[in-house]
Structure formats: C-alpha cells, structure tokens
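Got the viewer open? Let's walk through this one selection at a time.

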Amino acid sequence: MIRRNFYITTFFALVCLSLTSPVTAQESLTLSVSPTLFDMSAEKGQSWQSSIKVINVNDYELTVYASVVDFIPRGESGEVSFISVNKEDELNNTLAEWISVTSDPIVVPSEQTVEIPFSIKVPADASPGGHYSAILIGTKPIQDSKKETKVQTSQMVTSLIFTRIAGDINESASIREFRTTKTFLARPEATFELRFENKGNVYLQPQGEIKITNMWGEERGIIPINQNSHYGKVPQKTIGSDGIRKFTFDWKGEWSVADIGRYKAVATLAYGGENRQFVNAETTFWVVPFKLLFGILISLIIFVFLVSWLIKLYVRRMLKLAGVDVENYLSEQRQTSNLNLKQNRV
C-alpha cells in the first residue's frame, strides 16, 4: 500500500472539544467553517450528501481549496495526525477514499459564505465500526506528488467527520484512572484527571458527572462531563493510539472551616449509542489549611504561655501583699516538691 503521510500537529481537544475553526493570519486574514464536526451513522453501500459552509468575514475575497484526509489520534495528550490518501491506489478501505469533494479553487466573496458540497459513498464491503476523516479548507492546495505529500504555507481550517458503519459493533469501555493531581490541598480547589479507555471498535462519547462530597457526605460540587455536547469523543484503539483519552477538570469549592478533612469524588459516565452502559470510579483527597492550622497552634501556645505568666505574676503579688517573702516561699515549695518526688521514686 502506497500512502504518503503528512503530519499537522494539533490538539485533539481542538478536534473533539472546541472546533470553531477560526484562523487569523498576520495580515488579519480570518477564515472559518461550519459545522466543524459531522457525526453520522451509515449502512454498507449507503450514500450520503452534505456541505460545508466557508465563512469569509474579511473585507476582500478569498480563494480556498478543499482536501480530504484521514486522521488518527496520537497518544493520550490529544495530538492527531492527518494522513493524505492516494486514491489512485484504489484500496477503498478508509473514509477519506469514500468522500468526494471538488478540487477546484473556490472563491468566497468578501463578508459572505459559500457552501462546498461533498458526498460519501460507503462501499458494500466496508468494515463495521468507527471511521474518521477530515475536510481541510485552506488558502493553498495540498501538493501531492509521487514522491511526497506536503502542505504549502497556508491558512487552514478543518471540519471533522466521524462515521459509524453498521455491523458487528462492539461498545466497551472503562475508566482506566481517576485521581486528583494533589492528595493534600490547602484550599477546596482541585484538578481531576480522568483516563477513559475505549475497548470497542467504534468511537464513544463518555457523558456524565463528577460528584464531590465532604467527610460528612454533604455535596460540595458537581462537574458535568460532555453533557449537551457533540464533542469529547474517544476513538477506538488504532495504530499510534491505545484508545485512551485523558480528560482534565478543575473544581473550586466554597471555603468552610466545617469542611476541613477528607473529600470524596465519584465519576459516573455513560457511553454507547446502541446499548447505554455505565462505568464509575472514585478518588479521595484531603483539604487541610496548613497555614491556618499552624497559625492557630502558634496562637494557642502564646495564649497558654501568657495565661501561665499572668497567674504566676498574680500569685507573687498576693504573697507580697500578705507579707510573705516570695523568694523564700518559692524556694521552700521547690524543696518540698523535690523531696516528695524522691520519696515517690523510693
């Protein structure tokens, strides 16, 4: 199989969380597309048509070019690689090969929107499960020769396509890890890391929440996860990716002295398009205001010392008023105390 790869490093968070796809060049060139993500299900042999809106908010017209590539995730950090496919090889086993879009230059007038139609024809022998592709819209075309594939210096935006091909679908997942970055915190402010593992053959979108309670079982916060969102998808295991996606969430609770102590956080996630399934995990952490407690301890020590000193001062004054030689009296008291201590030891 002859494939020419090029790598455009970007964050998978951009891919699955916030793909608004604006691009601003140094010359104040702004380009965006809508929608930034297509999520579709298809049968083998089915055809599907849609379009991408290219939005030019500049005060001059733009000429853009559309290119179709496959993409695969890279590791857990969120990076992806776009892979250009040579359709002349006629392998017909990737989503990019099933997509047809014009390769002609497209003129977008100033402050206007142009729709670029495209179509997807799923072959009858397509493998079931998740398939991923992207349509790149750039101010220069991708150059593809027999020796290499490269992207010229260009302003480029992306619209991703997630496709689920019907068939022998396996939806299985687990929470690989759930923890806080720090176990002991001075304030009720924590960062949670959740690693979600996709064990199936189709992309999954975990949805749910993290519920945080104090040591008395009282709720102290809820963090929603991918609720009312099309983003946050986790592709299955592929070459270059083990099917694990790491999510990071920040939480800040209200400060209360009564809440000092052990906290518990429970993550509950639902996933699956055909049969809804659930997974959960929990972690614990401590909120201990060390500086405050240290200040209180020092204050108590100073207070005890001050009270003890005032009592001694008061006793001395009373003895003087009673005409007692304070020094002789205290000396006799010490001698008596030492004698009693020796007798107790014997």
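## Stop 1: a buried arginine

Select R195 to begin: R195 is buried, at a relative accessible area of 18% (buried means under 20% relative accessible area, exposed over 50%, and partly exposed in between, with a 1.4 Å probe and protein chains only). A word on what you're looking at: this is a predicted model, where local features need pLDDT of at least 70, side-chain atom pairs count only at pLDDT 80 or more, and totals for chains, interfaces and linings use all residues. Residues are numbered from 1 along each chain as its sequence is written, and side-chain values use heavy atoms, with hydrogens and water left out.

Now add E177. R195 and E177 form a salt bridge, with the closest N and O atoms 3.6 Å apart (the criterion is a side-chain nitrogen of Lys or Arg within 4 Å of a carboxyl oxygen of Asp or Glu). The pair links distant parts of the chain, 18 residues apart: R195 sits in strand β17 (residues 189-198) and E177 in strand β15 (residues 173-180). Helices (H or I, at least four residues) and strands (E, at least two) are DSSP runs, numbered from the N terminus. Unlike R195, which is buried, E177 is partly exposed, at 32% relative accessible area.

Which residues are linked with this pair in a network of salt bridges? Add E76, R179 and E193 to the selection, and you have the network together with E177 and R195.

## Stop 2: two more salt bridges

The structure holds twelve salt bridges, so here are two others to click on.

- E189 and K252: their side chains meet at 3.9 Å, N to O. E189 lies in strand β17 and K252 in strand β20 (residues 244-252), so this pair ties together parts that are 63 residues apart in sequence. E189 is partly exposed at 35% relative accessibility, while K252 is exposed at 65%.
- E218 and R220: here the closest N and O atoms are 2.9 Å apart. E218 counts as partly exposed at 39% relative accessibility, and R220 counts as partly exposed at 31%.

## Stop 3: the open sheet

Switch to cartoon view. Five strands form an open sheet with mixed pairing, in the order β16-β22-β21-β18-β19 (two strands pair if DSSP finds at least two bridges between them). At the edges stand β16 and β19 (219-225), each with a single partner strand, so one side of each has no neighbour in the sheet.

Start from the β16 end. Strand β16 (residues 184-185) runs parallel to strand β22 (residues 277-287), joined by two bridges. Pick F184 and you'll find W286 of β22 opposite.

Next, go to strand β21 (residues 261-271), which pairs with β22 in the antiparallel sense over eleven bridges. Two places to check the register: K264 stands opposite T284 in β22, and A270 has F278 in β22 as its bridge partner. The two strands form a hairpin with five residues between them, and G272 in the turn has a positive phi of about 105°.

## Stop 4: the cores

Which residues have the most contacts inside the largest nonpolar core? Select F178, F192, L194, F196, I210, I212 and F285; the core has 40 residues in total. A nonpolar core here is a set of buried Ala, Val, Leu, Ile, Met, Phe, Trp, Tyr and Cys residues joined through side-chain atoms within 4.5 Å. Strand β21 gives the most to this core, with five residues.

Zoom in on I212. Leaving aside neighbours within four places in sequence, I212 is in contact (heavy atoms within 4.5 Å) with residues including F192, W251, Y263 and F285. Its contacts also include E218 and R220, the salt-bridged pair from Stop 2.

Another core lies apart from the largest one; it has 30 residues, among them L31, M40, V108 and I165.

## Stop 5: a buried aspartate

Jump to D70, in strand β6 (residues 62-74). Is D70 buried or exposed? D70 is buried, with a relative accessible area of 6%. Draw a C-alpha to C-alpha distance to A96: the two are 5.3 Å apart in space and 26 residues apart in sequence.

## Last stop: the whole chain

Zoom out. The chain has four helices and 22 strands, and buried residues make up 41% of its 346 residues. Among contacts between residues at least 6 apart in sequence, 72% join residues at least 24 apart.
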